[in-house]
Amino acid sequence: SSKSNYFNSLEEEHGDLKQSRKVQPLVIKFNFYSATGSFASGFGIEIQRYNKSFNFSDGSNLSLKALGVLYGFNFYYRGDFWFPFFGFGTGNYTSKIQENLYASGSMTGNTILGQVNTPLYYKLGALVPFNNWGISFLQQFISADMEVASSKKVVALGGTSTLFGLYYGF
């Protein structure tokens with residue numbers, strides 16, 4: 001479970017957030033697997049990137065940029081009409097947080113660079129094939145908590161995501 005308290009701490013000092021904490025990452029995946037009968041196993045690599053600005057009711061703001069590179073193992077059942085799968089792994093997240101925060105009538109700016117060296121993830125999903133093309137459905141949880149140096153608080157760079165997409169197999 002996430003120990004994230006960074007945004008709660010900022011809301012106590014600077015008022016409510018004017019938007020949701022949810023981000024919409026751009027995700028690119030490559031999966032390599034070998035099939036034996038109805039079962040397949042393999043290796044996957046995934047790149048996630050997002051950039052979001054957050055505004056607080058006192059005029060303070062911050063931007064959060066993150067890049068995650070995840071890799072791990074995937075296991076598939078190759079059914080007639082769909083391929084359910086699960087996977088797990090680790091990787092690396094890097095982040096840049098630009099804070100512009102009001103305190104005692106003046107604004108303070110901070111740039112925080114951080115890294116999570118051992119995020120963990122697991123995922124469940126299914127592929128629905130149409131010849132070489134198909135549709136991918138995926139539910140994924142990523143644990144990637146990073147301490148923010150300016151406040152000694154923790155921000156969750158990962159979280160729970162639901163992804164839909166297209167895939168091409170060859």
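A salt bridge is taken here as a side-chain nitrogen of Lys or Arg lying within 4 Å of a carboxyl oxygen of Asp or Glu, and by this rule the count comes to two salt bridges. The model is predicted, so that local features need pLDDT of at least 70 and side-chain atom pairs count only at pLDDT 80 or more, whereas totals for chains, interfaces and linings use all residues. Residues are numbered from 1 along each chain as its sequence is written, and side-chain values use heavy atoms, with hydrogens and water left out.

With helices (H or I, at least four residues) and strands (E, at least two) taken as DSSP runs numbered from the N terminus, the secondary structure of the protein comes to one helix and ten strands, which follow the pattern α-β-β-β-β-β-β-β-β-β-β along the sequence. The C-alpha trace spans about 70 × 25 × 25 Å along its principal axes. Of the 170 residues in the protein, 35% are buried, where buried denotes under 20% relative accessible area, exposed over 50%, and partly exposed the range in between (1.4 Å probe, protein chains only). When contact is defined by heavy atoms within 4.5 Å, residues 24 or more positions apart account for 59% of the contacts with a separation of 6 or more.

One of the salt bridges joins Glu 11 and Arg 21, whose closest N and O atoms are 3.0 Å apart. This pair links distant parts of the chain, with Glu 11 in helix α1 (residues 6–14) and Arg 21, ten residues apart from it, in the loop between α1 and β1. Glu 11 is partly exposed because its relative accessible area is 22%, and Arg 21 is likewise classed as partly exposed, at 37%. Another salt bridge is formed by Glu 46 and Lys 29, with a distance of 2.4 Å between the closest N and O atoms. Glu 46 belongs to strand β2 (residues 39–55) and Lys 29 to strand β1, so the pair ties together parts that are 17 residues apart in sequence. Glu 46 counts as buried because its relative accessibility is 2%, whereas Lys 29, at 28%, counts as partly exposed.

Empty space was assessed on a 1 Å grid over the protein atoms alone, a cavity being a set of points where a 1.4 Å probe fits but cannot get out, and a pocket an open set with protein on both sides within 12 Å along at least five of seven lines; lining residues have an atom within 4 Å of a point. Grid points are joined across faces, edges and corners, and a volume is the space filled by probe spheres set on the points. By this rule there is one cavity of 30 Å³ or more, and the volume of the largest cavity is about 40 Å³. The salt-bridge partners Lys 29 and Glu 46 are among the residues that line the largest cavity, as are Asn 31, Tyr 71 and Lys 123. Two or more lining residues of this cavity are given by each of β1, β2, β3 (61–77) and β6.

The largest pocket holds about 850 Å³ of space. Its lining comprises 26 residues, of which Lys 29, Asn 31, Leu 127, Tyr 167 and Tyr 168 lie nearest the centre. At least two lining residues come from each of β1 (26–36), β4, β6 (120–130), β7 (133–143) and β10 (159–168), and β1 supplies the largest share, seven residues.

Glu 99, in strand β4 (residues 83–103), is buried yet has no salt bridge, the nearest side chain of opposite charge being that of Lys 153, 11 Å away; for this purpose Lys and Arg count as positive and Asp and Glu as negative, while His and the chain ends are not counted. A polar contact of 2.5 Å nevertheless joins the side chains of Glu 99 and Tyr 6, the term denoting a pair of N or O atoms within 3.5 Å, of which, within protein, one must be able to donate a hydrogen and the other to accept it, residues adjacent in sequence counting only if both atoms are side-chain atoms. Beyond its neighbours within four places in sequence, Glu 99 is in contact with residues including Asn 61, Thr 108 and Val 148.

Positive phi values in residues other than glycine are found at Ser 104, near 55°, and at Lys 152, near 60°. Ser 104 lies in the loop between β4 and β5 (106–116) and counts as exposed because its relative accessibility is 82%. Lys 152 lies in the loop between β8 (145–148) and β9 (153–156) and, at 59%, also counts as exposed.
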